[in-house]
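Biologist: I would like to learn how to read packing and contacts in a protein model. Can we go through one together?

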Amino acid sequence: MKKIVFFMLATLLILTGCTGKAQSGEENIVKIGALHPLSGGLANEGQEMRDAARLAVKEVNEAGGIKSLGGAKVELIEADHEGAPEKGMSEIQRLDREKVVGVIGAYSSGVTLPATQEAERAGIPFVVDIATVEEVTERGFKYTFRVQPPASMMAENFLEYFDVLNEMSETPLETVVLVHEDSVFGTSIASLIEKGASDHQIDVLDNIPHAATAADISSTINKINRLKPDAVIATTYLRDGTLLVNGLNQSNFQPKVIIGVANGAFSNTAFINDETDINQHIMDVNYSINPQSELALEVSQKYEDQFNKHMGPNAAYSYTATKVLIDAVERAGSTDRAKIQEALSETNLTEHILPQDTIVFDESGQNANAQAVLNQIINGETKVIYPDEYKNADPVLPTK
Amino acid sequence: MELLKIEGLTKRFAGLVAVNNVSLTLNKGEIVGLVGPNGAGKTTLFHSVCGFHKPEEGSVTYKGKELIGNKPEHICKEGIARTFQIVQPFGNLTVLENVIVGAFNRVKSYKEAERLALEKLDLIGISSFAYSRMKDLTFPYQKKVEVARALATSPEVLFLDEVMSGLNPSEVNEFIELIKHIRASGISIFFIEHLMSAVMALSDRLAVMHLGEKIADGDPQEVMKIPTVIEAYLGEEVS
Amino acid sequence: MLKVSNLNAGYGNLQVLRNISFEVNSGELVSILGTNGAGKTTLLRTLSGLISAGSGQIEFSGKQIQKMRPENIVKEGLIQVPEGRLLFTEMTVRENLELGAYSSGARKNMNKNIEYCFQLFPILKERENQMAGSFSGGQQQMLAIGRALMAEPKILLLDEPSTGLSPLLTKQVFDIINEIKQEGVTVLLVEQNAHQALSMSDRGYVIENGEIVMEGTAESLMKDNKLRESYLGLAN
Amino acid sequence: MKKSPILITLALVVFAIFPLVVKDQYYMHIAILILYYALVSQAWNILSGYSGQFSFGHAAFFGTGAYTSSILFTKLGMSPWIGLIIGAVIAAVIGLFIGYLSFRFKLRGVFFSLGTLAFAEILRIIIQNFDVFNKTLGVLIPYKPDPLMFQFSSRTTYYYIILIFAIAVTALVYYISRSKLGYNLVAIRENEDAAQSLGVNTYKNKMIAIAISASLTAIGGTFYAQYMLFIEPATTFSNDVSINILLPAIIGGAGTVLGPIVGSLIIIPIGELTTTWFGNFVGVNLMAYGVILILVMLYLPEGIVGWFQNKFGKKKSAKKNKDSSISGGEEVGTLKN
Amino acid sequence: MLTLILQSLVDGILMGGIYGLVAIGLTLIFGVMKIINFAQGALLMLGMYISYWSFIYLGINPYLSIPLSAISLFFIGALIQKTILSKMLNAPEHNQLLVTLGIMLVIENLALILWSPDFRSVKLDGFIQTLNIGGIGVNVPKLIAFIAAIVLSIALFLFLKKTMLGKAIRATSINRNGALLSGINTNRINYIAFGLGASLAAIAGSLITPFFYTSPTVGATFILKGFVVVVLGGLGNFIGAIIGGLIIGVSEALGGAFLPGSLKELMTYIIFVIVLMAKPNGLFGGKAR
């Protein structure tokens with residue numbers, strides 16, 4: 001018994017003792033944190049995003065580092081939250097101890113909410129690359145900024161583009177079935193679309209959830225078969241999205257169009273490259289790079305060369321978030337977090353790879369000009385087909 | 001005074017009659033032995049009385065109260081405690097803790113339970129093992145702990161199932177004295193035993209079972225002279 | 001054929017067998033008698049290698065077997081019909097018998113031996129395809145013996161074959177054991193049923209509290225009053 | 001235990017002054033996590049460590065606590081302090097329901113484990129399908145520091161609250177372990193038949209254990225929700241939560257008073273350290289958990305505290321007793337296979 | 001409506017076959033060693049990777065790499081048994097459960113480190129994906145997996161019924177000491193049983209590869225269902241596993257067609273709980289508890 005207590009004390013002391021560890025105060029390194037789900041069920045997306053952040057940092061360093069800080073090199077501190085909220089929280093604190101000047105992350109909404117909360121407490125600028133739920137920027141936080149369009153904007157963009165599609169289409173698209181994975185991500189987007197649908201004369205026949213990890217979603221397919229909608233609107237991850245398209249493809253009924261909204265499958269390298277027999281002409285309202293931008297094409301090429309995969313929207317946004325943060329450091333000319341926060345709030349980034357106007361943050365910290373575009377997979381390549389100023393291909397309609 | 005009365009008890013397992021229409025009584029202050037070859041149904045009879053089996057027929061009354069249909073814990077609360085043929089130790093607990101579980105049957109506070117348990121360990125003569133783990137003990141000692149544990153529940157009737165197997169002769173003698181001592185404290189005892197010297201030394205009355213049936217019941221010396229009993233034991237004389 | 005010397009064994013820290021020595025010669029039927037808990041079953045389990053011997057030697061057909069694994073001891077030809085029979089209850093009679101012949105040596109004569117078992121126990125043939133678990137005690141005992149015979153034993157160890165059997169069945173089982181002995185198989189019989197066991201044995205040992213306390217020819221033991229006492233507790 | 005009141009006091013003092021010495025938020029958070037896991041694992045310990053009913057679905061009770069207080073707070077403005085109590089009561093009721101089904105129908109061993117796992121899944125699915133629970137969207141608790149609303153601007157306050165909870169529950173477990181209930185529970189774990197023969201009502205005691213265990217786990221759930229300020233069904237009711245709840249007790253020693261605390265003190269820092277050390281090899285931290293789990297099960301199957309108690313504690317092996325009559329002095333063989 | 005029901009039935013049956021397929025290995029391991037193997041999903045994942053890499057580097061059709069994955073996993077399984085589980089045979093059953101959980105964590109994260117979390121898929125050229133039978137679509141890879149499940153369970157049944165080794169495995173599962181006394185090397189039987197269980201997982205993995213992405217965490221998708229199916233069919237009962245799989249598959253498919261939201265999942269677990277309570281030996285009287 002004595003020894004147990006001794007042991008406990010020892011552990012505590014070690015823990016306490018660790019705090020004494022001095023931090024290396026090298027002036028010429030600027031640390032930024034990248035918090036993503038690197039292991040667990042979302043590891044694929046998380047690592048893809050980490051890679052993009054690596055690329056952004058490498059570019060900056062190759063171009064001479066942060067000039068206002070005498071060419072200080074940027075160091076990326078990678079953190080893994082495993083999809084667990086408390087882990088996200090402790091990783092923020094670890095990054096805090098590492099003296100990062102800011103953090104990008106964190107993909108899963110369930111982790112982003114507590115993680116930004118923690119960053120706010122600690123006063124660490126947090127540039128959210130991806131996290132769909134509205135609330136991320138609705139809590140009046142000073143230190144939270146988001147590059148990605150939130151669920152509401154995704155839904156709005158979708159409804160707008162759907163109207164456009166309807167004009168282009170020879171046969172009208174009136175009825176839809178919404179299919180979504182059942183976590184916050186899919187549910188929030190699908191319910192927003194459902195809410196706004198009547199204003200756009202869209203008849204939502206059903207709104208069907210499924211677990212992203214489901215081994216089978218044929219009951220969803222069967223429901224679609226029975227309801228025979230003009231369009232199937234899908235917010236899914238890779239596996240379930242592929243099951244959906246595959247299933248629809250094999251069934252008797254073919255909708256006039258399949259449109260993803262922020263779809264994790266339709267923009268994924270694996271789906272685009274490997275599923276060529278089923279992905280032809282599938283559309284996706286999603287964030288993406290701007291195909292009309294030389295810079296974007298160059299970056300995306302570099303990404304592909306370096307990591308041997310297509311630069312999807314997740315990567316594009318974490319790349320941009322990293323760039324936005326570094327840009328703020330550059331303008332702040334300091335590693336002081338408050339100054340960087342200030343600089344972030346004054347962001348006006350014109351040189352970026354996204355299909356949008358300059359990146360500026362509104363008072364809530366939301367990228368005010370963020371928007372999704374309408375993509376279509378044509379002959380194994382993702383093309384932007386709307387809005388016109390970013391498009392690099394004409395839509396193919398009908399899709400079958 | 002009739003304390004426990006078993007009448008016409010029958011227990012079957014999937015067609016096999018393990019106990020067949022057995023009647024037995026235990027009077028206050030008595031030690032009754034129950035013997036018989038392997039598979040005679042002795043332990044099944046114990047199980048049936050103590051609520052571990054539900055017999056198909058018959059009744060068991062204790063102080064005029066019907067016991068059949070009650071769960072083992074209720075029967076213990078009524079005042080009948082038992083040990084097991086195959087020891088059922090709380091293996092990871094210490095000997096003392098084993099006995100404390102029994103003591104808590106009657107008392108509420110830990111202090112009292114501990115006191116009671118230590119007292120019983122002392123009585124059985126195993127207090128030197130109080131802080132040993134039950135599963136580290138040898139089989140015969142585990143049996144002794146079971147007796148202490150059963151005694152700690154403050155029973156009026158004690159059922160002992162082969163407590164002496166594996167003891168050496170001097171230990172057997174000690175145990176015999178112990179059981180007498182327990183009886184002297186006012187507890188009636190009903191026991192199954194194979195060690196005949198112990199059976200003969202202890203029993204006020206002796207019942208013999210064979211193939212599920214009671215074949216004899218009465219004075220020990222007399223009972224052991226009955227030919228059917230001898231036959232049941234040594235087998236049919238082939239000559 | 002089997003020679004045990006100074007054997008000590010037990011479970012965990014419990015010593016059950018103390019300094020046991022005895023031997024069985026080829027073609028003999030030897031009984032080991034004793035009451036419940038005397039250590040008879042432990043002895044057989046040790047011989048078969050289910051329990052490893054603490055110290056002492058077990059020599060079988062000139063080989064030391066106390067360190068061998070059970071399946072290899074079976075290969076050597078020391079076969080046990082265990083207490084509780086340990087049949088494969090959810091398998092058919094035939095399957096149980098076949099498994100008796102699992103060790104490589106016996107497998108080639110499997111079909112022949114099955115026929116032999118059926119001849120010995122006609123009831124088994126009748127119920128060839130029934131589950132062993134559905135059998136009564138006596139039939140299970142016959143099957144257990146049959147399964148052991150399938151291994152073509154040089155020595156057959158029987159652990160209380162009469163347990164739970166009616167007198168008639170007990171007699172039948174003992175008749176069979178006798179028959180097996182006539183076939184030339186050496187038999188080591190562990191019994192409570194002293195009369196019946198001794199009546200067909202050549203020699204016997206009495207084990208009490210893990211020690212051998214008496215030994216002798218069957219006749220001498222049968223006449224010995226001490227045996228009676230040890231069983232019936234009729235001390236003077 | 002008697003011999004070490006000084007050490008216990010010392011440990012309490014270290015815990016008490018920890019925030020005064022350590023200002024680092026990271027260490028504070030880790031300390032809070034350690035105490036939080038010690039709390040829920042201790043709660044699990046009552047049902048699974050003591051009474052031996054091995055739950056693989058404590059996420060059900062954890063989620064019930066987290067959801068009850070959070071929904072009452074966000075929808076009715078009820079203080080989570082009250083929600084904590086209501087959550088504990090509801091969890092106890094759910095526990096009793098699960099207990100009724102499992103113990104009445106004699107689910108034992110792994111079947112009970114699988115059953116509890118299924119119940120956690122069932123609760124998750126129910127939450128995900130009804131609007132009152134916000135379906136899959138989860139509950140975001142607005143950040144407004146107010147002690148009456150269980151929200152604090154300083155992490156230190158959270159630390160002391162969870163410290164008090166953890167100490168209280170550990171004290172409760174200590175008390176139970178020396179009470180009739182505790183002895184009944186371990187008796188049930190060790191041998192149900194023997195327990196019954198000694199007058200232990202196994203069903204009733206198991207029901208008491210599951211009710212206490214469930215309600216204490218629910219308290220942990222409310223704390224977690226108020227600390228993280230966001231919960232969602234997919235993570236709150238997941239298997240991972242159930243496993244994280246049981247791991248500290250298993251590693252530290254199930255069925256011991258200090259096991260969950262020691263386990264938590266070990267595995268939470270290990271998780272953090274491996275993350276720090278092997279940052280570039282993602283997954284190493286979870287692999288380390290796996291390896292530790294395997295090693296502990298192979299070599300310290302009773303956990304660290306259990307091992308200590310056997311080795312150095314009062315539970316001596318019989319061999320060490322002077323009385324030699326017991327094992328005949330000779331080393332004897334052991335059972336093969 | 002009739003088409004919907006029929007289509008749902010067909011989908012449910014096919015999926016049920018796959019659940020059954022996943023469950024056969026689990027049930028075998030339980031039957032012989034009384035261990036519920038949490039790592040079964042991880043073993044299935046290894047099977048999928050073996051088929052995937054064989055396809056990528058050697059161009060072998062996943063259906064043809066089944067022997068490779070089966071044999072590899074047999075040895076991996078036997079190795080796990082030899083190094084870890086053989087030391088746990090007499091441990092309390094929840095400790096055994098936790099060890100397999102530890103094994104799962106190690107294998108899954110090792111896969112993550114070695115092969116990255118990328119989703120990988122095998123595309124077979126010119127492979128007909130769907131058959132249309134009277135308006136009912138039948139997914140060919142699933143049909144193949146389904147048929148394989150039936151064939152495998154029959155083969156396994158025959159193996160256990162007809163061969164000496166199979167009989168020895170059954171004998172060991174029924175009575176270990178009895179088996180030892182019949183000259184059966186039960187340690188070897190354990191290696192073989194766990195190895196076989198692992199190769200059954202691998203075969204399931206290889207059969208799933210053509211229609212499901214391979215990734216380190218793919219096992220989680222199947223393992224919970226596997227437990228449910230195994231308990232439903234009776235632990236240790238192969239035919240029961242297939243029927244249990246069919247019950248879950250069909251109830252999910254019909255539930256999905258007629259219940260709102262994700263309540264179809266509720267069906268699975270409620271059936272599970274009811275069976276646990278009412279027929280703890282499984283619907284078809286599994287052998288052991």
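Biologist: How are H2(D) and H12(D) set to each other, oblique or not?

Modeller: First, some ground rules. This is a predicted model, where local features need pLDDT of at least 70, side-chain atom pairs count only at pLDDT 80 or more, and totals for chains, interfaces and linings use all residues; side-chain values use heavy atoms, without hydrogens and water. Residues are numbered from 1 along each chain as its sequence is written, chains are lettered from A and ligands numbered from 1 in the order in which they are written.

Modeller: Now the idea. Two packed helices are described by the angle between their axes and the distance between the axes. Axes are lines fitted to C-alpha atoms, for helices over the stretch in contact, and angles run from 0 to 180 degrees between N-to-C directions. Helices (H or I, at least four residues) and strands (E, at least two) are DSSP runs, numbered from the N terminus. Angles under 35 degrees count as roughly parallel, over 145 as roughly antiparallel, 65 to 115 as roughly perpendicular and the rest as oblique.

Modeller: Here, the axes of H2 (residues 25-50) and H12 (residues 259-277) of chain D cross at roughly 140 degrees and come within 8 Å. H2(D) and H12(D) are therefore oblique to each other.

Biologist: Which residues of H2(D) and H12(D) make the contact?

Modeller: Contact means heavy atoms within 4.5 Å. Among the residues from H2(D) are Tyr26(D), Ile30(D) and Leu33(D). H12(D) brings residues including Pro260(D), Ile261(D) and Leu265(D). By class, this contact has 11 nonpolar, five polar and one charged residues. Ala, Val, Leu, Ile, Met, Phe, Trp, Tyr, Cys and Pro count as nonpolar, Asp, Glu, Lys and Arg as charged, and the others, Gly among them, as polar.

Biologist: At what angle do H7(D) and H9(D) pack?

Modeller: H7 (residues 180-190) and H9 (residues 202-228) of chain D pack at about 110 degrees, with axes 10 Å apart. That makes H7(D) roughly perpendicular to H9(D). Leu181(D) and Ile188(D) are among the H7(D) residues in the contact, and Ala209(D) and Ile212(D) among those of H9(D). This contact divides into six nonpolar, three polar and one charged.

Biologist: Which two chains have the most contacts?

Modeller: Chains A and D do, among the seven pairs of chains that touch. In this pair, 54 residues of chain D are in contact with 46 residues of chain A. Together they bury about 4700 Å², 71% of it on carbon and sulfur atoms. Buried area is the accessible area (1.4 Å probe) that two parts lose on being put together, summed over both. Chain A and chain B do not touch.

Biologist: How many salt bridges cross the interface of chain D and chain A?

Modeller: A salt bridge is a side-chain nitrogen of Lys or Arg within 4 Å of a carboxyl oxygen of Asp or Glu. The rule finds three across this interface. One salt bridge links Arg155(D) and Glu118(A), at 2.5 Å, N to O.

Biologist: Which peptide bonds are cis?

Modeller: Most residues other than glycine have a negative phi, and most peptide bonds are trans. A cis bond joins Gly105(A) and Ala106(A), with omega about -5 degrees. Ala106(A) sits in the loop between strand S3 (102-105) and helix H4 (109-122) of chain A. The bond from Tyr386(A) to Pro387(A) is also cis, with omega near -10 degrees.
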